Amino acid sequence: MSYTQDDLQRLKTFYHNQLVNDTIPFWFPRSYDHEYGGYTFMRDADGTLIDDDKAVWIQGRATWTLSTLYNTIEPRQEWLDGAKLGYEFLKRHCFDTDRRMFFHVTREGKPIRKRRYFFSETFAAIGFAAYAKAIGSEIIAAEARQLFGKCIEYASTPGLLPPKFTHTRPAKGIGVPMIMINTAQEIRNTIGDPRCDEWIEKWIKEIETDFVKHDIKCVMEQVAPDGSIIDHIDGRTLNPGHAIEGAWFILREAMHRNNDQELITLGCTMLDYMWERGWDKEYGGILYFRDVYGKPVQEYWQDMKFWWPHNEVIIATLMAYLLTGNEKYARWHKMVHDYAYDKFHDKVNGEWYGYLHRDGSIAQTAKGNLFKGPFHLPRQEWFCYQLLC
């Protein structure tokens, strides 16, 4: 199948409508915390608050979401005021004395947990950058660039952050180059930074060289420092949706570089490999974990369907189709789009459930927790709408 221009116009209208009339209204204004700042996102299906703690990385993500809506969809004062709540809460409460960020804080902003990785910093950086653009603040833009610089330092300096494992079996994950590509792209698109292009090129090269395995047609989630496969359970575990998210970051870079054919080929190859690994041919949807050699996977949720991989695959397949015209990608996009909006979307209360059993039944009703909030779904609907404009 292929998409006609009418089909693409309908998709454009659909994504815009879902974003501004369904997804965003579920979260806002109810999640604005006008008393303590930031946002309260741990919510049940109907929006009822189930916990008032705050995940720092989602505070940064939501600041990005609201600022981006203001910058690109409509300059609504409510969205700008909401972004300010996130920015000020992050600044006031979410940095430790060593200038690293916390991961989990109370509603008031008292620290509960700090993790070894620096993803809170990456999302704060893009949130600050988008907010700086929204209000035209060079001071906040400088703060965003400084945070970006710290992320580069963390990503490129082994041993700078506390290690999760001993040196017995060294490994590195695809998550760091992936998240840094996205961070650099967002910084470049909002406030600019001369470091972005060079580092994006390095991180893409690392993914291509060390994580993409053409001989066995897959994208590894983690590898040894030299890029070899670690033949143990953790080393063999694949996350198809995560790899496909990386694929669309690379396709996005291809678009930025006037449809660079090498990057289009790389991104589409990653999508091809991991669609084959991840699509559930029996029930539909994207399986969460797979073993690279088809062996049993350790995590008990390995065959569940999580919301966010479907958001990433919807973006990747649409991008691949628009860049190549290959009808396969239109077919895949329709398959994952139809599955996701049928199974995950809450047609009564709006937004998506986060977690399904393999057969598509709802595993639990929460719409928000320490890992789910207004980011993957609104980003998908926003980005697909932008692609189709």
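The paragraphs below go through some helices, loops and strands of this structure.

This is a predicted model, in which local features need pLDDT of at least 70, side-chain atom pairs count only at pLDDT 80 or more, and totals for chains, interfaces and linings use all residues. Residues are numbered from 1 along each chain as its sequence is written, and side-chain values use heavy atoms, with hydrogens and water left out.

Helices and strands here are DSSP runs numbered from the N terminus: H or I with at least four residues for a helix, E with at least two for a strand. Helix α7 covers residues 196-211. The expected span of a helix is 1.5 Å times one less than its number of residues. For the 16 residues of α7 this gives 22 Å, and the end C-alpha atoms are 21 Å apart, which agrees. The buried residues of α7 are C196, W199, I200, W203, I204, I207, D210 and F211. They cover an arc of only 160° around the axis, so they lie on the same side of α7. The arc is taken from the directions from the helix axis to the C-beta atoms. Buried means under 20% relative accessible area, exposed over 50%, and partly exposed in between, with a 1.4 Å probe and protein chains only.

Helices α9 (240-256) and α10 (261-278) are joined by a loop that holds N258. Two packed helices are described by the angle between their axes and the distance between the axes. The axes of α9 and α10 come within 8 Å and cross at roughly 165°. Axes are lines fitted to C-alpha atoms, for helices over the stretch in contact, and angles run from 0 to 180 degrees between N-to-C directions. The two helices are therefore roughly antiparallel to each other, a term for angles over 145 degrees. In the loop, N258 has phi near 55°, a positive value in a residue other than glycine. N258 is exposed, with a relative accessible area of 71%.

E351 also has a positive phi, of about 65°, although it is not a glycine. E351 is in the loop between α12 (327-343) and β13 (355-356). At 0% relative accessibility, E351 counts as buried.

Strand β13 belongs to an open sheet of three strands, in the order β12-β13-β14 with antiparallel pairing. Strands pair if DSSP finds at least two bridges between them. The edge strands, each pairing on one side only, are β12 (305-306) and β14 (362-364). Two bridges join β12 to β13, and F306 stands opposite Y355 in β13.

Methods
Angles under 35 degrees count as roughly parallel, over 145 as roughly antiparallel, 65 to 115 as roughly perpendicular and the rest as oblique.
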